[in-house]
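Let's take a walk through this model, starting with a small sheet and ending with some aromatic rings.

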Amino acid sequence: MRTHLNPLTTVRNLGILAHVDAGKTTVTERILYATGTTHKRGEVHDGTTVTDFDPQERDRGITIFAAAVSCAWDGHRINLIDTPGHVDFADEVERSLRVLDGAVAVFDAVAGVEPQSESVWRQADRHGVPRIAFVNKLDRAGADLDTAVASIRDRLHPAPLVVQLPIGREDAFTGVVDLVRLRALNWPDGGGAVEEGPVPDALREEAIRRRRLLEEAVAELHPGALEEFCMRSTVDAPLLDAPLLDAQTLVGALRDLTRSGDGVVVLCGSAYRNRGIEPLLDAVVAYLPSPLDVPAVRGTCDGARQERAADPRAPFAALAFKVNATPTGRLTYLRVYSGTILKGDAVRDTSAGRTERIGRILRVQADRHAQLETAVAGDIVAVVGLKSARAGSTLCAPDAPLVLEPPSVAEPVVSVAVEARRSTDTDRLASALARLAEEDPSLVVRTDPETGQTVLSGMGELHLEVAVEKVRRDHGLDVGVGRPRVAYRETVVRGVSGLVHRHVKQDGGAGQFAHVVLDVEPFEDGGFTFRSTVVGGRVPQEYVRAVEAGCRDALGEGPLGGHPVTGLRVTLTDGATHVKDSSEAAFRTAGRFALREALRACAMAVLEPVVEVTVTVPEDAVGGVLGDLAARRGRVSGSTARPGTAVVTATVPLAELFGYATRLRSRTQGRGTFTTRPTGHAPAPVATSAR
């Protein structure tokens, strides 16, 4: 009897994650070339890459927008998302990780783990996305696989399982020894096909030693491998170079450890020189999960939890993770979790509460598309025809409603005022900004109530620069931009107890009455938490909820400078009602005014966003850089020497970093670079409390 494999077992949905300049986009381009999807290798420095197709990406030489592509390898369909590496676009990474089943984390063989590679690794941890690691740029001066692996182990804390040994060092790097199958893989100069052969005699002893280390590491983590390891180590003890795990057992154990997150397979190569890509694709197929290997997606329906398995015959359910307005129509990118969708089908947008029709289904190749008649569970596709769907919207079959958890959206930390230079363009600017915020939920547009200015808020200076430039290029608008401002917060340092507030209003007809007593105290975990200790039913439960809603209303403006308030716990300790005049509206109003009054009585402090800055500079420029960081209220936390350069890490208030790129270039004759990573908020100097 012939068994038919479920076609979903041959699908891999993965992302490429890395710090900026680790070679992530080059890896993606080489994957497309190796799989025959493209017939010419795209180069970042030439502006010829497939996934960095936006004019700003090609001008700046960085990935700004997550780009989806699809390719085939060894009978498998690989849906791949190339994600940004810059911290300002971390929200693009967050939305991508929400819909992926696996990832390839790319590391620079010289720099090892860098700040943003650490951040995206933590994001993948939070979403439970299995990963394999690719140590890139082994052809660079100073490249060392063991040092890079040590930084992965020390800073990210996985169990690295190194399955390759480089052949040659730095510029002489020509290939790798496959430790699983004990063979050599070499790539000739000029980027020809991989050549397989025996392990070179000069590396055989080292390859056997490393194969034994790999077997021992796997046996420690995998019970099945441990059993075979112990049995063979007893039988084959005299044969020091005999493998203690056969290749099939080793591959199966590595697959299990990768998918459970107990281990991370590490490969190496040089994407720029087209070395190491085919084994990387083999590892993607062998170790990363298919849609069937990950848990069924969970959602809610009428408050009840539901699961939808990755089954084309199940009711349709998909999550929109990206929206893009193009000249040919509005594209909504979907991850289909269950069911099947056909062109022309009606779908329910449970987030917007409306039903819409699918106009077209597209297989995405970055900025190029191929039309499909259908999409099934496990697919990542784009659809045309949805008007209400936003990033995070759930789409489902109209007769089988479901709400999936949307990707989280980070709070903006930097704002600028924007205005059209011609008054006749004001409405066009408002429409352009609304479209930007629709495509990128981490951009927030609001009107300042005091100045009437339109304020655009985002994740950093570069994020806002890109957004404003997109308005200028795509909409042909001449836009003026004000100086960036950071998003301050206010917090409670010392609270108050027993604050009494009575809300009484009587102006004919039914009146309003609410009496509340609040305690306010600092909350170290940040955010806002509310509880009630009222006993005896003195305040009914529906009024307690109204008081909490009123308190949340009051968090928008603090007493020091009108900044949002965070880091406090409010306790409703007592209250009273009136038999006729009490209502939820009255208690909500009482909660709002009571908390405002309490905050004025508390000892408050202003918080400012701070970031970890990693500066890489020539050795002779370290002194000047340290002095400049100190002048910017930076606190140096570490310094590492590399050949010819030094890496300085410091914590600096975000407000002090505006214009730092220009200053650093002038101090280091253009040789210095820096990256940032948000680390939260810290108390600000007293002067910042003014609005």
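Two strands pair if DSSP finds at least two bridges between them, and strands (E, at least two residues) and helices (H or I, at least four) are DSSP runs numbered from the N terminus. Keep in mind that this is a predicted model, where local features need pLDDT of at least 70, side-chain atom pairs count only at pLDDT 80 or more, and totals for chains, interfaces and linings use all residues. Residues are numbered from 1 along each chain as its sequence is written, and side-chain values use heavy atoms, leaving out hydrogens and water.

Now look at β12 (residues 297–301): two bridges join this strand to β24, and the two run antiparallel. One of the links puts glycine 299 opposite its bridge partner in β24, leucine 404. Add β13 and you have an open, antiparallel sheet of three strands in the order β13-β12-β24. β13 (304–308) and β24 (403–404) stand at the edges with a single partner strand each, so one side of each lacks a neighbour in the sheet.

Strand β13 also holds arginine 308. Arginine 308 is buried (under 20% relative accessible area, 1.4 Å probe, protein chains only; exposed is over 50%, partly exposed in between). What does its side chain reach at 3.1 Å? That's the backbone oxygen of alanine 400.

On to the rings, which pair if their centres lie within 6.5 Å (planes under 30 degrees apart are stacked, over 60 edge-to-face, the rest tilted; Trp uses its six-membered ring). There are four aromatic pairs. In one of them, phenylalanine 107 and tryptophan 121 have centres 6.2 Å apart and planes at 50 degrees, so the pair is tilted. Both residues, phenylalanine 107 and tryptophan 121, are buried.

Key
A polar contact is a pair of N or O atoms within 3.5 Å; within protein, one must be able to donate a hydrogen and the other to accept it, and residues adjacent in sequence count only if both atoms are side-chain atoms.
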